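User: I should like to study this structure step by step. Please show it to me, and then let us discuss its parts in turn.

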Amino acid sequence: MKTLRFSRLLLLLFLLMLAGVSLTLLTTAYLGAERALQQELQQAHERDQRMLDSIVESHFRNIRQYSEEVSQSASLERALRRGDEAMLEEVMQGLMRDSYSRYIDAMVIEHEGQFHATPNVSLLNLALPLQALSRSQQRLGTWVTVDAETHADTATGAPRKHYSLLRLTLPVVEPRLGEVVGRLHTFVLLNNNFWILNELQTLFGSRAIALSHEGRTLDSLQSGAHPWQDLEALKAAEGQVLLTSSGVLREHELKIGSSDAYRVYTALASDSYHALRDAYITNLVSATVMVVVVGIIMMLVINRLTSSALGNLTRYAEQLPKGGVPRPFTGGRFEEFTRVGRAFEQMLHRIQERDKYLAGIIDHSPDLVFLKDLDHNYCLVNQHYAEVLNTSPQRLMGRPMWSVLDSEIMEQALVMDRQVLLTGEPVKYKQRLTTRSGTRSFLFSKFPIVDDHDAPYLIGAIATDITDMEQTEEELELAKAVLAETRDAAIVLDEQQNVLISNRAFAEMSGFPKEQAGSAMRLFLMMHPELLEMLKQDRRWERACELERRDGTQQSVSVTASSVSRDGMQRYVILFRDID
């Protein structure tokens, strides 16, 4: 691995620190200026929203006033009362030619379930279902949104298109009697509605403007290159103003009466963003040059002051002995470096002391302890393991295991080693080894030792001599077998009178199955409480008495009870012999 000089690294860190401080200060100033610019844009957006609401409300108030005049027209009321279709058509055509109706796209007269539609010039080429639109959501006196879909025309290639309209419904009232003789539906089409977008574009001074409803663009006006590259980002943003490198994108809400909320998107040119960015880049270059110059000067001074102290510390670390007690650290011009050297010295003392502890534990452990690398060469062995193999730890170090183990033992060891490396989990197995004191049985526990990346690089093992334990288990099994086959009934109790062992003869004598031997003994001890008192005093108890069987009958038996103490625990052995 390539190394660096400390002085160079310190210089790099110092330069990075100065650069970070400068960048932080410049960024803070930049963000503050950008935040101020955003606040100014937000205030302008709120002001323009109020102007939009005022202008749109004024336009639609004029449309409403004209519609009210039409609904109160005497000629219209007369045509409806007479039911004269020709007269009604003539009256509506005259009304639609009026200069005040230029913002109205269609009017529909509803009378006795019949609808008479009079479209303006803007709807002559559109086949909109005005009658159906007049029937839906009939709310008097307020503007509502009505939507229509035109079908695709395969003959002309015209695609299917969505249209959104605003409708105002007013009653047509007979002036003398006040009787409602019909309804007037006034429609304003928002698709390709030039007068709305043109007036708003002129008002805002925007390069482009678009009107949208439920994600569909109804109408748009623009000049120059396409300004909507960041429109999706504006829709995803939480605010209604987005400052981009190409300008300012804004979102306004357009709502008339009880209509749906429409979205007005505008793109404004903005030189403030470019000026702010240029000033930031200029200051950043100047700050970078200053940081480099100041950093080099400061680093030369620091390097001059620290080179001597660092040299003493480095030489002390390089001259440390591999064994024995490390010499005291005496070099160092500065207090901090002297403290590092002294701490290093104390650390070496602690490491040496812990090495002694570990070596003492491993060397004096009664178990066999050893470590092997992945090539099965011994890296560490304790004295007991070397004695079992009739050699010394020094002769085993660095040697492969097949140089000291016979083929049968080695094959089993290799199988267990592969299992440890494959699963990464400890394994246990029994193995018999020939030692100076004869053949002994050992329980081996092998486990992987992993590096910092959890990859095994050593195999550790601890083996415990279990020969005496196996002999004890054999003796115990033999004693259980003898006890099970004896003709006398036998019971072994613990200090709490729980049954530990009961043989088959006791089950036959008492009539209780083996799992219920405790019930039989509780009955017997209740009849003879003096038995436990004698046993607790380590006194033998012998007597002829009666044993109550499961069926309630009494059987004469000779009882011999004694106490056995082992490993600090008391066991009570009770024998029953039939004397009938």
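Analyst: Buried residues, meaning those under 20% relative accessible area (over 50% is exposed, in between is partly exposed; 1.4 Å probe, protein chains only), make up 39% of the 580 residues in the protein chain. This is a predicted model, in which local features need pLDDT of at least 70 and side-chain atom pairs count only at pLDDT 80 or more, while totals for chains, interfaces and linings use all residues. Residues are numbered from 1 along each chain as its sequence is written, and side-chain values use heavy atoms, with hydrogens and water left out.

User: How many helices and strands are there in the protein chain?

Analyst: Helices (H or I, at least four residues) and strands (E, at least two) are DSSP runs, numbered from the N terminus. Counted in this way, the protein chain has 15 helices and 20 strands.

User: Are helix 2 and helix 3 roughly parallel or roughly antiparallel to each other?

Analyst: The axes of helix 2 (residues 74–82) and helix 3 (residues 85–96) come within 8 Å and cross at roughly 160°. Axes are lines fitted to C-alpha atoms, for helices over the stretch in contact, and angles run from 0 to 180 degrees between N-to-C directions. Angles under 35 degrees count as roughly parallel, over 145 as roughly antiparallel, 65 to 115 as roughly perpendicular and the rest as oblique. Helix 2 and helix 3 are therefore roughly antiparallel.

User: Which residues of helix 3 make the contact with helix 2?

Analyst: Contact means heavy atoms within 4.5 Å. On the side of helix 2, the contact is made by S75, L76, R78, A79, L80 and R82. Helix 3 contributes M87, L88, V91 and M92.

User: Which strands stand at the edges of the sheet with the order 2-1-5-4-3?

Analyst: Five strands form this open sheet, and the pairing is antiparallel. Two strands pair if DSSP finds at least two bridges between them. Each edge strand pairs on one side only, and the edge strands are strand 2 (114–119) and strand 3 (143–150).

User: What is the bridge partner of V144 in strand 4?

Analyst: Strand 3 and strand 4 (residues 161–173) run antiparallel and are joined by eight bridges. In strand 4, the bridge partner of V144 is R167.

User: Is H151 buried or exposed?

Analyst: H151 is found in the loop between strand 3 and strand 4. Leaving aside its neighbours within four places in sequence, H151 is in contact with P159 and R160. Its relative accessible area is 70%, so H151 is exposed.

User: Why is one side of strand 7 and of strand 8 left without a neighbour in the sheet?

Analyst: A second open sheet of five strands has the order 7-6-10-9-8, with antiparallel pairing. Strand 7 (216–222) and strand 8 (241–244) stand at its edges, so one side of each is left without a neighbour because each has a single partner strand.

User: Which residue in strand 7 stands opposite H213?

Analyst: Strand 6 (residues 208–213) runs antiparallel to strand 7, and six bridges join them. Opposite H213, in strand 7, stands R216.

User: What angle does the direction of helix 5 make with that of strand 7?

Analyst: In helix 5 (residues 194–204), W195, I196, L197, L200, Q201 and F204 are buried. Helix 5 packs on the sheet, touching strand 6, strand 7, strand 9 (247–254) and strand 10 (262–268). The direction of helix 5 makes with that of strand 7 an angle of about 50°.
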